Amino acid sequence: MLWHNTFTDIIENTAPFSKAFTLAILTLVNVALKWISSSLYEGDYRSWQHLWRGESLLNLSYMQHLFDNKITLMINPGLSLLNYKLHTQPKCQDWTFRTNSWIRYQLHSNHQFSLGFAMGNFQPDISYVNTADQTIDFLRIQRGNPNLANPTIQEYFFTYDATLNPVNLQINSWHTRIKNNVSVDYYSEGEKLISSYLSNTTYDKWKLELIASCRISDKLRINSTLKYEKFKVAGGQGLSTDNFMASLQANYFIKSFTLSAWSKSTEKTLDSRKLAVMKSPALYGVSLRYNKANWMAEMGTENPFTHKNNYREYSCTNAYQYEQSRTSRIYQQTAYVKLAYTFDFGKKTSREFNSVDRSINSAILKAE
């Protein structure tokens, strides 16, 4: 069942500080959702699993522009009532506060700050919340957990944008926290290794990112990204890892042609569910694109001088450790050719990708 009720109230020139703001919007949203999931396990272990889930959301949104639109404020409080019941298990109910609120300050046309906070929740599906035992092989058993808590997600972010001709800068800072994080749990039972799930850990991710674009000339543009991330799982195994990533892309325009070259360093991430560190290889490539009227043609290559690029994943817990190295077509030597023609229907529109005004003193290309 899904029902939605929205009303909007636009307030103008009614507050004592009416000169300080231009627009205020108030919105109330109510949503009720229901899901029913079933799973049937057969073989040496037969089990029928049935999960009922229902969620009711109450959300209030309020936006206001202040001080000649220099400040924009968004306040978005809400509540989530989650009900769920697994067959043969008691009914569970969970209240959670939800929000997505932020404030943006336009210092002047070339500088802007944003600060925000978001909070939400989710409930694991029937692949985690169940009472089934699945025999993987002669040694391993996969077991569900009907007593998992509902994870809550909190996000804090800060963004700064600046235009310092001919360079555009953006600085992003994020902190994501998942409480009651659902993750794998390995333990021994007799001569078997049990793989199940727990929700007693807290997952944290911090990110600091610098994005820069530079207009070298009317024909040459350069974009670069520097990123640092830290991952940590508190409780349980107490895992952590760091990630540094750098990327660079250059675009050179010659009439209807665009020559691009790009590169990206290795990256690491800590998976919150598998409690595994995953490392992807460095990548690079070049391409040449032609745009004219409705035609687009492109040819390019990726990793032309690299052999056997591998994707690596490893985990180290008290009862179980593994490491695997895999290959994928997206990481190997590739070459491609693209050809596209766009048909225009109705009102005549321009589809020329390369139609940009390169005389502006900014690294952001604006369509003519």
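**Exercise 1. State how much area the protein chain exposes and what share of it carbon and sulfur atoms supply.**

Solution. In this predicted model, where local features need pLDDT of at least 70, side-chain atom pairs count only at pLDDT 80 or more, and totals for chains, interfaces and linings use all residues, the protein chain exposes about 21600 Å², an accessible area from the Shrake-Rupley method with a 1.4 Å probe. Carbon and sulfur atoms supply 58% of that area. Residues are numbered from 1 along each chain as its sequence is written, and side-chain values use heavy atoms, with hydrogens and water left out.

**Exercise 2. Decide whether Ala 132 is buried or exposed, and place Ala 132 in the chain.**

Solution. Start with position: Ala 132 lies in the loop between β8 (111-121) and β9 (133-135), strands being DSSP runs of E, at least two residues, numbered from the N terminus. Next, Ala 132 counts as buried because its relative accessibility is 1%, where buried means under 20% relative accessible area, exposed over 50%, and partly exposed in between (1.4 Å probe, protein chains only). Finally, leaving aside neighbours within four places in sequence, Ala 132 is in contact (heavy atoms within 4.5 Å) with residues including Tyr 41, Tyr 45 and Arg 143.

**Exercise 3. Find the strand that holds Tyr 252, and classify the exposure of Tyr 252.**

Solution. Tyr 252 is in strand β15. With 34% relative accessibility, Tyr 252 therefore counts as partly exposed.

Technical notes:
Helix = DSSP H or I, 4+ residues; strand = E, 2+ residues; numbered from the N terminus.
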